[in-house]
Amino acid sequence: MKGLIGGFIAGVLLCIGAPALAGDDDMSTVAALDIAYQAAVESNDATGMAQILADDFVLVTGKGKTFTKADLLASATDGKTKYEHQVASSRTVRVWGDTAVVTALLWLKGTNEGNAFDYKLWYSDTYVRTGNGWRYVFGQASIPLPASP
């Protein structure tokens, strides 16, 4: 599975690795990049995550905690969290020049240090076009949503 994910991410990075030319479909590119990022997190692929995250990346959770790129990469490699499911739905992408925001509903299921988790949350991910293509610069996540009946 990791090889398939890595190949997918490599293909996406080929699309985004260079600055966009006039006529590029930025919405599709950013959506594909966000899908690749979620797949990398699900498989704990720190290399794939590192290629997408900006060096000065920050994530703010619904509980007020903040995480840097280094924090997320360390979490991907420490083996404490194992994902069974990390898939986004209801994804929307909005692009304003060199900035894009992805909003989606994320379902996370797995274990952290042997403790099971299974919940959904909303997130907004901000991507910025750089000289090296689109990079994920800022994320904000809601608190876990109440379980639906």
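### Positive phi angles and one side of a helix

Ser90 is partly exposed, with a relative accessible area of 49%. That places Ser90 between the 20% cut-off for buried and the 50% cut-off for exposed. Keep in mind that this is a predicted model. Ser90 sits in strand β3, which runs over residues 81–96. What catches the eye here is the backbone: Ser90 is not a glycine, yet its phi is positive, at about 50 degrees.

Asn44 has a positive phi as well, near 55 degrees, and is likewise a residue other than glycine. Look for Asn44 in the loop that links α2 (26–42) to α3 (46–52). How much of Asn44 is accessible, and does that make it buried or exposed? Its relative accessible area is 18%, so Asn44 counts as buried, the cut-off being under 20%.

Then there's Gly79, which comes after α4 and has a positive phi near 75 degrees. Here are the three side by side:

| Residue | Phi | Where |
|---|---|---|
| Asn44 | near 55 degrees | loop between α2 and α3 |
| Gly79 | near 75 degrees | after α4 |
| Ser90 | about 50 degrees | strand β3 |

Now for α4 itself, residues 69–77. Its buried residues are Lys69, Leu72, Leu73 and Ala76. Because these residues span an arc of only 95 degrees around the axis, they end up on the same side of α4. And what lies over them? The cover on the buried residues of α4 includes the helices α2 and α3, along with the strands β1 (53–60) and β2 (66–68).

Notes. Residues numbered from 1 in each chain as written. Predicted model: local features only at pLDDT ≥ 70, side-chain atom pairs only at ≥ 80, totals over all residues. Heavy atoms only, no water. Helix = DSSP H or I, 4+ residues; strand = E, 2+ residues; numbered from the N terminus. Buried < 20%, exposed > 50% of the residue type's maximum accessible area, 1.4 Å probe, protein only. Arc of directions from axis to C-beta. Contact = heavy atoms within 4.5 Å.
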